[in-house]
Amino acid sequence: MFIFKKIIDITEYVSGIRKGKGTDYKSTPAGVNISIGFVPTMGALHEGHLSLIRKSKAENNITVCSIYVNPLQFNDKDDYEKYPKNFEKDIDILKSTGCDVVFLPGVDEMFPTVDYPDYDHAGLDKVMEGKYRQGHFKGVVYIVKKLFEIVKPDKAYFGLKDFQQYVIIKYIVKLFKLNIEIIGCPIVRDYDGLALSSRNIRLTPEHRLIAPFIYKTLQEVQKKYSDLSIEELKQLVTQRISEERIAKSEELIRLDYFEIVDTETLTPITDKPAHNVIACIAIYLGEIRLIDNVILFY
Ligand code: AMP
């Protein structure tokens with residue numbers, strides 16, 4: 001497995017691969033089209049990340065994973081500082097998963113030297129995560145676009161856990177006519193339904209015990225979607241949260257948002273359209289903010 005820390009080194013590697021004379025892909029004759037799959041991450045890798053790596057490996061000749069804890073996308077400095085970072089362990093995990101290349105740039109390598117652009121996201125960034133985490137998508141898009149320009153992948157893999165991110169990245173790829181196929185991958189969950197997240201290891205044992213109620217509540221919304229109105233579904237979620245708070249004498253469960261939105265425009269729906277919609281939630285357990293979602297059908 002190749003590990004690159006400098007943009008110039010991975011650029012050289014990628015252009016070698018593209019010319020068919022990469023040091024890694026020895027058997028490829030010049031001119032043969034090599035497919036590069038790319039998985040951008042912030043490290044603290046878990047099975048969710050690895051599902052993306054495995055899918056990329058199955059669909060491409062070369063899989064590149066980047067690990068970069070992007071300070072620009074954290075609206076909370078404390079969250080950035082406490083974000084789990086264990087690059088050596090991550091590298092071991094990637095090696096054993098058969099990843100071909102890791103790009104591990106330092107902040108100095110990726111940080112913008114001048115003010116960085118705030119692209120038009122056609123309103124996709126104005127709801128949910130965009131509303132509650134000011135500047136989050138501006139930072140995400142700047143770094144993902146920069147990584148795309150460096151790695152030049154054919155396909156890039158994103159988890160549907162960060163559904164809004166997936167939709168915005170797809171929009172950006174279209175906006176800039178980037179020749180990259182964006183592939184959304186299903187949410188990987190723990191044995192009790194909790195969506196895997198790098199932040200889960202920061203949950204206190206008490207909060208970890210409570211956490212599965214998030215997905216349980218979303219499943220209940222899914223089940224009752226055809227019988228209840230949007231307003232009733234919202235009330236149901238609020239009610240389940242207050243029951244949880246009372247049952248666990250837990251002060252520190254706080255809902256950031258629960259929204260039922262169109263899967264394409266991300267605008268909240270009021271009545272139920274015939275196409276897919278998605279229920280998204282962001283909730284604090286103590287100081288840890290978790291997100292999850294379920295697709296809703298009739
Ligand atoms: P992160 O390291 O949190 O920025 O995540 C890197 C990529 O892994 C993103 O595309 C995430 O959506 C994806 N991801 C994170 N957790 C999961 C999960 N539980 N299941 C599937 N994909 C995930």
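Of the 17 residues around the ligand, which come nearest? They are Met42, His49, Gly159, Asp162 and Val188. The structure is a predicted model. This briefing covers the surroundings of the ligand, helix H2, and two buried loop residues.

**The ligand and its shell**

- A backbone N or O atom of Met42 lies 2.9 Å from an oxygen atom of the ligand.
- Gly159 likewise places a backbone N or O atom 2.9 Å from an oxygen atom of the ligand.
- For Val188, the partner is a nitrogen atom of the ligand, which lies 2.8 Å from a backbone N or O atom of this residue.
- The ligand taken alone exposes 480 Å², and the protein buries 93% of that area.
- Two or more residues of the shell come from each of the elements E2, H2 and E5.
- Helix H2 gives the most to this shell, contributing three residues.
- Sorted by class, the shell around the ligand holds nine nonpolar, six polar and two charged residues.

**Helix H2**

- Helix H2 consists of 13 residues, from 47 to 59.
- At 1.5 Å a residue, H2 should span 18 Å, and this agrees with its end C-alpha atoms, which are 18 Å apart.
- The buried residues in H2 are Gly48, His49, Leu50, Leu52, Ile53 and Ser56.
- An α-helix has 3.6 residues a turn, so residues three or four places apart point the same way.
- The cover over the buried residues of H2 includes four strands, namely E2 (36-41), E3 (62-67), E5 (155-159) and E6 (181-185), together with helix H4 (87-97).
- One of the buried residues of H2, His49, is also among the residues that come nearest to the ligand.

**His46, in the loop before H2**

- His46 lies in the loop between E2 and H2.
- With a relative accessible area of 19%, His46 is buried, because the value falls under the 20% cut-off.
- Apart from its neighbours within four places in sequence, His46 is in contact with Leu196, Ser197 and Ser198.

**Gly20, in the loop between H1 and E2**

- Gly20 is found in the loop that runs between helix H1 (7-18) and strand E2.
- Is Gly20 buried or exposed? Its relative accessibility is 11%, so Gly20 counts as buried.
- Gly20 and Arg202 are 182 residues apart in sequence, and their C-alpha atoms are 44 Å apart in space.

Definitions and conventions: Residues are numbered from 1 along each chain as its sequence is written. This is a predicted model: local features need pLDDT of at least 70, side-chain atom pairs count only at pLDDT 80 or more; totals for chains, interfaces and linings use all residues. Side-chain values use heavy atoms; hydrogens and water are left out. The expected span of a helix is 1.5 Å times one less than its number of residues. Buried means under 20% relative accessible area, exposed over 50%, partly exposed in between (1.4 Å probe, protein chains only). Contact means heavy atoms within 4.5 Å. A residue is near a molecule or strand if one of its heavy atoms lies within 4 Å of it. A polar contact is a pair of N or O atoms within 3.5 Å; within protein, one must be able to donate a hydrogen and the other to accept it, and residues adjacent in sequence count only if both atoms are side-chain atoms. Accessible areas come from the Shrake-Rupley method with a 1.4 Å probe; for residues, only the protein chains shown count as cover. Ala, Val, Leu, Ile, Met, Phe, Trp, Tyr, Cys and Pro count as nonpolar, Asp, Glu, Lys and Arg as charged, and the others, Gly among them, as polar.
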